[in-house]
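User: I should like to understand the reasoning behind the descriptive terms applied to this model. Please set each value against its criterion.

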Amino acid sequence: MDIKLYNKLKRNIVLDYINTFITNLNMQSSVWVLYLAYCGLSMAETGIVEGIYHATSIIFEIPSGAIADLLGRKRSMVLGRVCIAVSCIIMLFSRSFWYFALGFAIQALGNNFNSGSEEALVYDSLKYIGREREYMRISGRRNVIIEVSQGIATVAGAVLAEYSYFWCYSACLIIALLAAVQVLFITEAPVTENAEGENKPENKHVWKNMEIAETVRQHFKTSYNIIKSDIRILKIIVYYAVVFASQTILFFYSQQYYKDLGYNKIQIGVILLLAGAGSCIGALSSSRLYNRYGRKIITAASLLIAFAFVGYGFNNIILSVVLFMAASFSDSLLYPVQSDELNRLIPSGQRATLVSVDSLFFSAAMIIMFPAAGALADIWGMDTVFSSIGIGLIVFVVVILLLMKILSHKVEE
């Protein structure tokens, strides 16, 4: 093994920690729902804009994953950061629904380029140096960094937005540009095997050997065949798409929920920071709890998110904040588990593509659930919508459990 390359790939882990921190200093995360309302959009229009974001993700998610596998994860990550910077500029000067829709679409494209690329680069770096078994632990640390960074951004963004939304989105622009520069120091990890386990040339040589269209077609075909041949991949992707989409709705629409209860942006930022603290604990506990309780922890965490939704219906500030923290704890606990389960089943050469397929299913869930929640909130109010989602999520988890038991009995027979 090349010692120089080994050290560079080992350094990738630390560089990715730094990049994760910078990237997730997303000042707008705690105020964007309030910002759109400030600019005159209804909850239904806010939901549609977010739906456009995820529709863009569905259109470009798999192609962006293929680009990451073919051109290299590093280049894909740089493209992603540039797109985020452009979206920040659009958001700074937009005042109409369609401009906001454009800004969200470009932001989605930027996240598409990064989605799967970062995870795949870290996993393949670990695999090349023989440390892939450490992935769940490292993923848990990354989630802690994400929560710390987002916690800082949540409060800072709320404070800036209370003074001026302009300064909030200007900070987002600067951070996106810094993140793009930082990615340049990361080393591309070699891809050592494809779906059949054969040697695969490094990304930079692929274009010389195959036509672009044929290469992308083969990626899609291989990804489809892998999902088709292993039902476990599909079950993991579908289940977590619904659970994570539900938690995303809880996080973002909580901005409006607490505003309706009479709290200002700084107070809402503090509440979101407390939720971030719960997320940090969940990320730190993920590996240990999963090793101790196994798959039972997945069901428990999912139901805890569902009960948080139901609790919001009581319009009690203390209860809602405690449940918000519990749901955030559960969400961060589940992310490393899902990522590790999925990566163990995905061949190296298609890892970024299939991780992007996972994001595609999440986007599909968001396209349906987020706009519907916003439209219903205009009619029923956020508390009723939250309670309804919670009941629906409980039913979903129970039904999945029953189906798994039925399938396991059939396998035993």
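Analyst: The exchange below takes up the terms one by one, beginning with the overall fold.

User: What kind of model is this, and how many helices and strands does the protein have?

Analyst: The model is predicted. The protein has 16 helices and zero strands. Of its 413 residues, 56% count as buried, that is, they have under 20% relative accessible area. Among contacts with a separation of 6 or more, 87% join residues 24 or more positions apart.

User: How do you know that the length of helix α5 agrees with what should be expected?

Analyst: Helix α5 covers residues 97-114, which is 18 residues, and at 1.5 Å a residue these should span 26 Å. The end C-alpha atoms are 26 Å apart, so the two values agree.

User: What makes α5 "largely enclosed" by the rest of the structure?

Analyst: The count of buried residues does: 13 of the 18 residues of α5 are buried, and the helix is therefore described as largely enclosed. Gln 107 lies in this helix. Its relative accessibility is 13%, and the limit for a buried residue is under 20%, so Gln 107 counts as buried. Leaving aside neighbours within four places in sequence, Gln 107 is in contact with Gln 28, Tyr 53, Ile 84 and Ser 87.

User: What is the bend of α1, and which helices do its buried residues pack against?

Analyst: Helix α1, residues 3-23, bends by about 30° at Ile 13. From first C-alpha to last, its 21 residues reach 30 Å, close to the 30 Å expected at 1.5 Å a residue. The buried residues of α1 include Leu 5, Leu 9, Asn 12, Ile 13 and Asp 16. The buried residues of this helix pack against α4, α6, α7 and α8.

User: Why is Glu 118 called buried?

Analyst: Glu 118 has a relative accessible area of 7%, and buried means under 20%, so the term applies. Glu 118 lies in helix α6. Residues up to four places away in sequence aside, Glu 118 touches Asp 16, Asn 19, Thr 20, Met 77, Arg 81 and Arg 142. Asp 16, Asn 19 and Thr 20 are among the buried residues of α1.

User: Is Ile 186, a loop residue, buried or exposed?

Analyst: Ile 186 is buried, because its relative accessible area of 3% falls under the 20% limit. Ile 186 lies in the loop between α8 and α9. Its C-alpha is 5.8 Å from that of Asn 12, although the two residues are 174 apart in sequence. Not counting residues up to four places away, Ile 186 touches Asn 12, Leu 15, Lys 74, Met 77 and Leu 121.

User: Why is Tyr 263 called partly exposed?

Analyst: The relative accessibility of Tyr 263 is 26%; partly exposed covers values between the 20% and 50% limits, so Tyr 263 belongs to that class. Tyr 263 lies in the loop between α11 and α12. Beyond its neighbours within four places in sequence, Tyr 263 is in contact with Tyr 258, Ile 268 and Ile 317.

User: What is remarked upon in the phi of Asn 315?

Analyst: Asn 315 has a positive phi of about 55° although it is not a glycine. Most residues other than glycine have a negative phi. Asn 315 is found in the loop between α13 and α14. With a relative accessible area of 36%, Asn 315 is partly exposed, because that value lies between 20% and 50%.

User: How do you know that Val 397 is buried?

Analyst: Val 397 has a relative accessible area of 1%, which is under 20%, so Val 397 is buried. Val 397 lies in helix α16. Leaving aside neighbours within four places in sequence, its contacts are Tyr 239, Thr 299, Ser 302 and Leu 303. The C-alpha atoms of Val 397 and Val 243 are separated by 8.8 Å, with their positions 154 residues apart along the chain.

User: Which residues are closest to the centre of the largest pocket, and which helices supply at least two residues of its lining?

Analyst: The largest pocket holds about 550 Å³ of space. Of the 18 residues that line the pocket, Lys 235, Ile 236, Arg 295, Ile 400 and Met 404 are the closest to its centre. Helices α11, α13, α14 and α16 each supply at least two lining residues. The largest share, seven residues, comes from α11. By class, the lining has 13 nonpolar, one polar and four charged residues.

Conventions: Residues are numbered from 1 along each chain as its sequence is written. This is a predicted model: local features need pLDDT of at least 70, side-chain atom pairs count only at pLDDT 80 or more; totals for chains, interfaces and linings use all residues. Side-chain values use heavy atoms; hydrogens and water are left out. Helices (H or I, at least four residues) and strands (E, at least two) are DSSP runs, numbered from the N terminus. The expected span of a helix is 1.5 Å times one less than its number of residues. Buried means under 20% relative accessible area, exposed over 50%, partly exposed in between (1.4 Å probe, protein chains only). On a 1 Å grid over the protein atoms alone, a cavity is a set of points where a 1.4 Å probe fits but cannot get out, and a pocket is an open set with protein on both sides within 12 Å along at least five of seven lines; lining residues have an atom within 4 Å of a point. Grid points are joined across faces, edges and corners, and a volume is the space filled by probe spheres set on the points. Ala, Val, Leu, Ile, Met, Phe, Trp, Tyr, Cys and Pro count as nonpolar, Asp, Glu, Lys and Arg as charged, and the others, Gly among them, as polar. The bend at a residue is the angle between axes fitted to the seven residues ending there and the seven starting there. Contact means heavy atoms within 4.5 Å.
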